[in-house]
Amino acid sequence: QVQLVESGGGLVQPGGSLRLSCAASGSILSINAMGWYRQAPGKQRELVAAVTSGDSTNYADSVKGRFTISRDNAKNTVYLQMNSLKPEDTAVYYCNADLWSRLGRRYAYWGQGTQVTVSS
């Protein structure tokens with residue numbers, strides 16, 4: 001069994017910063033890509049940023065230059081540093097990991113989500 005546990009969400013004023021963390025644990029053989037998605041009320045879930053096992057990164061146009069994704073392979077953890085936050089960044093942020101379990105199955109796992117609210 002695999003679990004993704006997120007932390008770091010909260011309330012921040014426009015222009016502020018937050019850092020999200022997501023740690024994967026359990027029966028993990030290896031992790032391919034890890035990423036962050038978000039879903040605002042009434043909207044579809046969208047990709048925010050992703051990082052491969054080779055440290056290649058991909059960002060949504062709306063966050064380029066403001067957000068930075070990174071990973072610590074030794075800790076099976078992915079981070080999202082969010083700077084210059086805007087009210088439109090308000091959403092529930094979900095961690096995703098594309099990984100191989102020790103049972104030999106490849107699957108995409110999701111975290112439970114963490115709320116980020118940008119408001120004055």
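Student: What makes β1, β3, β8 and β7 an open sheet in this predicted model?

Tutor: The 4 strands follow one another in the order β1-β3-β8-β7, with antiparallel pairing. β1 and β7 are the edge strands, each pairing on one side only. Neighbouring strands here are turned by 15° against each other on average, direction ignored.

Student: How do you know that β1 and β3 pair?

Tutor: Pairing asks for at least two bridges between the strands. β1 and β3 have 6 bridges, in the antiparallel sense, so they count as paired. As an example, L4 stands opposite A24 in β3.

Student: And what makes β3 and β8 a pair?

Tutor: The cut-off of at least two bridges applies again. β3 and β8 are joined over 6 bridges, antiparallel, so the pairing holds. Among the facing residues, C22 stands opposite V78 in β8, and A23 has T77 as its bridge partner in β8.

Student: How are β7 and β8 connected?

Tutor: They form a hairpin with 4 residues between them. N76, in the turn, has a positive phi of about 50°. The two strands pair in the antiparallel sense over 6 bridges, and the bridge partner of T68 in β8 is Q81.

Student: Which side chains of β7 are called buried, and why?

Tutor: Buried means under 20% relative accessible area. F67, I69 and R71 point to one face of β7 and are buried, so each falls under that 20% cut-off. T68, S70 and D72 point to the other face and are not buried.

Student: Why is the group of 30 residues called a nonpolar core?

Tutor: Its members have to be buried residues of the listed nonpolar kinds, joined through side-chain atoms within 4.5 Å. The largest set of this kind here has 30 residues, so it earns the name. W36, L80, M82 and Y93 have the most contacts inside this core. Elements giving two or more residues include β1, β3, β7 and β8 from our sheet, and the largest share, 5 residues, comes from β9. As a general background, nonpolar side chains tend to be buried together in soluble globular proteins.

Student: What is M82 in contact with, leaving aside its neighbours within four places in sequence?

Tutor: Contact asks for heavy atoms within 4.5 Å. M82 meets that cut-off with G16, S17, L18, L20, R66, F67, Y93 and V116, so these are its contacts beyond the sequence neighbours. Y93 also appears beside M82 among the residues with the most contacts inside the core.

How values were computed: Residues numbered from 1 in each chain as written. Predicted model: local features only at pLDDT ≥ 70, side-chain atom pairs only at ≥ 80, totals over all residues. Heavy atoms only, no water. Buried < 20%, exposed > 50% of the residue type's maximum accessible area, 1.4 Å probe, protein only. Axes fitted to C-alpha atoms, helices over the stretch in contact; angles between N-to-C directions.
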